[in-house]
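Good morning, and thank you for making time for this item. I would ask you to keep the sequence and the model in view while I go through a few local features.

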Amino acid sequence: MASDLKVEQPQRYHLHHSHAHEEDVPGTVNLSAADGDDLFYGQALFPVPAEDPNDPLQWENWKKTMILIVCSAYSFLGNSALVGPAVYIGIYAKEFNITPSTASGLISYPNLAFGFGSLVLVPLYLKIGRRPVMLMSLVCFLAGLIGASQSKTYPALMGTRVLHAFGSGVCEALPVQLVNDIFFLHERGKRIGYYTVCLCLGATGPLYAGYMLAGGYSWRLYFYVEIAFAGVLLIIAFFVVEETMYDRKSMVSTIAPTAENGSTSDSKEVHAQHSENENHTTAIPERKSFISTLKPWSRIDHRAEFFMTMIRPFSYFVVPAVFWVITTYGIYIGLGALAFNYTFPIKITAPPYSWKQENSGLIAVANAVGFLAAVPLTFTSDRLAAYLTRKNNHIREAEMRLGVLFIPMLIAPAGLLVYGMTAQHNLHWFGYFAGVAMVNWSAFFYFSFTLAYAVDSYTANTSEMLIAMNLGKQAISFGMGLYLLDWILLRGYAVVIGGIFVSVLLANNLALFIFIFFGKRIRVVTSRTWLGGMHQKTAGQVMTH
């Protein structure tokens with residue numbers, strides 16, 4: 001029959017093949033290779049790609065890299081726009097005749113809106129596609145920035161700040177989504193690491209904002225610069241970011257030249273169906289034309305439940321691995337992006353330091369040094385996991401990447417203690433920089449690899465898990481930053497930062513031992529509870545596997 005004949009096409013690209021599959025326990029993957037499989041680190045590729053050049057896993061590396069660059073740049077812009085104006089708190093207080101504590105709300109409330117943006121935008125990209133939501137998000141981000149640059153009152157500035165923060169709220173969830181859509185399991189730790197670096201370098205926003213004051217310019221210039229870069233990014237995204245939703249299960253079942261995009265499906269089912277159809281040859285579709293990929297819309301997935309997708313994420317707050325990611329991001333953001341950016345300008349412009357206001361953003365140099373020093377080590381979790389997988393007879397456990405966190409576990413609390421004691425006793429300014437660099441070096445590892453661990457561990461409705469992470473971490477960081485200045489004035493830097501915050505951060509970091517030794521048991525128990533059953537039944541989008 002014609003449908004049983006494989007169409008021979010000129011091989012302009014290589015199609016990957018694999019027989020890897022997930023075991024009965026979520027997060028446990030069998031990477032044993034069969035004849036003809038593509039290998040990396042001596043192990044089969046996972047997820048199992050469809051024999052279709054339109055499968056995002058089969059795309060050319062340059063295209064995947066460009067998508068990653070665009071998403072990472074968006075994360076940088078979104079976060080720098082969020083925290084950059086922190087150096088203007090004193091200026092806002094004078095211009096709008098409000099207290100510095102009230103002015104700090106221009107950072108805290110947009111930070112909260114940033115988290116809640118994902119509550120709407122993530123269900124939306126599951127419903128109508130990643131590409132249209134990213135483009136709409138960038139338009140909203142751009143509109144909010146334009147409004148902020150023209151604001152002349154505190155309420156107007158607050159409203160437009162909340163608008164651009166809400167619009168860019170998807171810039172943290174969407175890159176992780178796209179990484180999991182287009183990269184294989186062995187590539188994800190490194191790619192999430194690259195994205196994390198850009199996200200964290202957004203914390204250097206106060207540096208640029210501070211030096212714009214040195215030129216005698218208004219605080220509005222910072223927003224003008226953000227507007228320019230956001231506009232350029234919107235244009236690049238339009239031409240580069242192709243829709244990555246893909247119905248892999250149905251394409252493995254029967255490959256047809258006119259297949260449409262849908263949602264990615266469970267790779268264990270894909271593997272089973274792939275095995276059943278090994279003896280049947282089918283037509284390989286043509287790669288879509290460049291023009292056809294430029295459509296700013298995608299088809300609507302009628303199976304995706306928009307409102308239920310907004311509700312179900314709250315159930316993930318009781319999943320230990322997810323809750324650990326939430327507390328990790330919330331605490332580190334509360335300490336870094338908020339606490340450091342709030343307190344350093346106040347300390348460094350007062351005696352005995354008496355730095356100029358335009359130099360108050362220099363703490364961002366320490367942020368950059370800490371994160372950039374970690375960049376050469378982005379490969380470590382993938383390599384460690386691959387090594388332990390080989391020793392484990394090619395059975396991959398999600399916890400295998402966590403060993404790289406042992407050293408950062410202690411470095412971060414030590415850095416926070418250095419910062420707190422320096423501020424309390426007015427020690428040499430280098431103490432501020434050393435403390436921040438130590439915390440942020442460790443933060444990179446915890447950001448990247450706790451997130452990769454959680455994503456590896458749970459295969460059902462992972463997009464909803466990302467909503468829970470974003471909401472939780474922004475809420476925690478909001479709470480830590482909202483009354484931070486009042487706490488410090490009441491208790492002092494040593495007590496609040498060197499005592500309370502150090503204890504909280506150390507307790508969070510020590511949870512590493514719980515997941516290394518009991519992580520698989522937790523995954524087993526979670527998968528067998530009502531929560532695991534509910535999410536398996538409603539899993540329309542399995543991002544990780």
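Helices here are DSSP runs of H or I of at least four residues, and strands are runs of E of at least two, numbered from the N terminus. Counted in that way, the protein chain has 22 helices and five strands. Please bear in mind throughout that this is a predicted model.

Let me begin with the chain as a whole. Of its 545 residues, 61% count as buried. The chain exposes about 20600 Å², and carbon and sulfur atoms supply 68% of that area. If we take contacts between residues at least 6 apart in sequence, 82% of them join residues at least 24 apart.

Next, confidence. The average pLDDT of the chain is 83, and 87% of the residues score at least 70. Which elements mark the lowest and the highest mean pLDDT? Helix H12, residues 267-276, has the lowest, at 49, while helix H10, residues 220-240, has the highest, at 96. Over residues 254-268 the pLDDT is below 50, and this stretch has 50 contacts in the model beyond near neighbours in sequence. At the start of the chain, residues 1-10 also stay under 50, with 15 contacts beyond four places in sequence.

I now turn to lysine 347, which lies in helix H14, residues 320-348. This lysine is buried and yet has no salt bridge. How far away is the nearest side chain of opposite charge? That side chain belongs to aspartate 486, and the distance is 16 Å. What, then, is lysine 347 in contact with, leaving aside its neighbours within four places in sequence? The partners are Tyr353, Ala423, Asn426, Tyr432 and Tyr493.

One of those partners, Ala423, takes us to helix H17, where Ala423 is among the buried residues. The others buried in H17 include Pro408, Met409, Ala412, Pro413, Leu416 and Tyr419. In an α-helix there are 3.6 residues a turn, so residues three or four places apart point the same way. As for its length, H17 has 20 residues, 406-425, and at 1.5 Å a residue it should span 28 Å; the C-alpha atoms at its ends are 30 Å apart, which agrees. Asparagine 426, another contact of lysine 347, follows H17 and has a positive phi, near 55°.

The loop between H14 and helix H15, residues 363-374, holds two further points of backbone geometry. Proline 352 lies in this loop, and a cis peptide bond joins proline 351 to proline 352, with omega about 5°. Serine 354 is in the loop between H14 and H15 as well; its phi is near 55°, a positive value in a residue other than glycine. Is serine 354 buried, exposed or partly exposed? It counts as partly exposed, because its relative accessibility is 47%.

Two sites elsewhere may be set beside these. The peptide bond from phenylalanine 46 to proline 47 is cis, with omega near 0°, and proline 47 lies in the loop between strand E4, residues 43-44, and helix H1, residues 61-83. Asparagine 393 sits in the loop between helix H16, residues 380-391, and strand E5, residues 395-397. Its phi is positive, near 60°, and with a relative accessibility of 57% asparagine 393 counts as exposed.

I would welcome your questions.

Note on methods
Residues are numbered from 1 along each chain as its sequence is written. This is a predicted model: local features need pLDDT of at least 70, side-chain atom pairs count only at pLDDT 80 or more; totals for chains, interfaces and linings use all residues. Side-chain values use heavy atoms; hydrogens and water are left out. Buried means under 20% relative accessible area, exposed over 50%, partly exposed in between (1.4 Å probe, protein chains only). Lys and Arg count as positive and Asp and Glu as negative; His and the chain ends are not counted. A salt bridge is a side-chain nitrogen of Lys or Arg within 4 Å of a carboxyl oxygen of Asp or Glu. Contact means heavy atoms within 4.5 Å. The expected span of a helix is 1.5 Å times one less than its number of residues. pLDDT is the predictor's confidence in each residue, from 0 to 100. Accessible areas come from the Shrake-Rupley method with a 1.4 Å probe; for residues, only the protein chains shown count as cover.
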